[in-house]
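Trainee: Could you take me through a close look at one part of this structure, the spot covered by the "binding site" annotation?

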Amino acid sequence: MYILGIESTCDETAAAIVQDGRTLISNVISTSVKEQALYGGVVPEIASRRHVEYISATVEKALADASMEMKDIDAVAVTFAPGLIGAVLVGVNFAKGLSYASGKPLVPVHHLRGHIAANYLTHPDLKPPFLCLVASGGHSHIVMVEDWCRYRVLGRTVDDAAGEAFDKVARTLGLPYPGGPSVSAAAKGGNPRAYHLPTPHVEGKYNVSFSGLKTAVINEVHNAEQRGETINVSDMAASFQERIAQILAKKLLAAAADTGAKVVCLAGGVAANGRLRQLVNDGVQKLGAKVYLPELKYCGDNGAMIAAQGYYEYLDGNIADLTLNGLPTLPI
Ligand code: KG4
Ligand code: ZN
């Protein structure tokens, strides 16, 4: 089965074709990230307008790269929630038009389910049940993936998402958006023990909280300014990255130990973080479980992950009609 996946929840307009949820046929990503970087973060209206401009050519290229036409596609999968609503609606409406015109089934996909499914593209033998940390710009969830389309959320952030914390800390340190890659780059060569940053206490064994950590960085920067000093950006980036990676890995590993999970995965934009990958890889191996990490190219938003999950949603009978709407929030 060939599924065309369409994604437009944030600043990436993406389309891809995936065979049977596993094999990548084509993958096209158009992004407004450079323009968003001028504003220090995603401006929702700009994101929506760029999706409107990019989406036709992006989908056409995904088909052309695969040497396919709509007649060769078995279903159109689209992210319908959660995300910036104006952005989401562009993808949803485009997919509806495509489904209407081609007569192919329309498959609604939850964005975080898509992020988790990015792992299926890299690891052909991966199948539920497994434990997954999904950390993106909007969400930080520790999820037990019980079945292809059945999830149990064990923990979540009680305030900022991990990616959001990277983005805000980057801004405080004068580093460009998106903050994850720029903090990571700045952290190279920095001393992760230079600044003592707190590990916030939070109720719920697998919950995380990052607003206190972010505030601690802001305070260090302000205090240094008041003393007429400047912060060492590389050391602060390294200290922050170390702390947030330790917090995420510790919670995930605790959940893995308690549930006896045999397989542990990472997903979402923050899953590209090298230090987090290292800590999780080492920790899961110590537990005697298997660790599967998504390829870096599938960590950020893309259409392939939506097509991959779309396959399993289709098999599960999750077919939408043409009244499908987008939603800004929705539990996984
Ligand atoms: O999954 P994603 O591409 O979009 C959302 O669904 O939000 O995640 C984007 C987030 C951004 O906050 C970005 O700063 C973060 O992922 N990110 C990273 C890295 N690459 C991207 N965070 C930490 N380390 C990275 N290498
Ligand atoms: Zn995402």
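Mentor: Sure, let's start with a term: helices (H or I, at least four residues) and strands (E, at least two) are DSSP runs, numbered from the N terminus. This is a predicted model, where local features need pLDDT of at least 70, side-chain atom pairs count only at pLDDT 80 or more, and totals for chains, interfaces and linings use all residues. Residues are numbered from 1 along each chain as its sequence is written, while chains are lettered from A and ligands numbered from 1 in the order in which they are written.

Now for your spot. In an unreviewed UniProt entry, the "binding site" annotation covers His111, His115 and Asp301 (positions are in the numbering used here, feature names are shortened, and annotations may be inferred rather than shown by experiment). They span 191 residues in sequence, yet no two of their C-alpha atoms are more than 8.8 Å apart, so they gather at one spot.

Take His115: its home is helix α4, residues 111-122. His115 is buried, having 30 other C-beta atoms within 10 Å (buried means 20 or more such atoms, exposed 12 or fewer, partly exposed in between, with C-beta atoms placed from the backbone). Beyond its neighbours within four places in sequence, His115 is in contact with Val134, Ser136, Ala267, Gly268 and Met305; contact means C-beta atoms, placed from the backbone, within 7 Å.

Asp301, meanwhile, sits in the loop between β10 (290-292) and α10 (303-315). Asp301 counts as buried too, with 27 C-beta neighbours inside 10 Å. Again leaving aside neighbours within four places in sequence, Asp301 is in contact with Glu7, Thr9, Cys10, Glu12 and Ala14.

Note on methods:
Contact = placed C-beta atoms within 7 Å.
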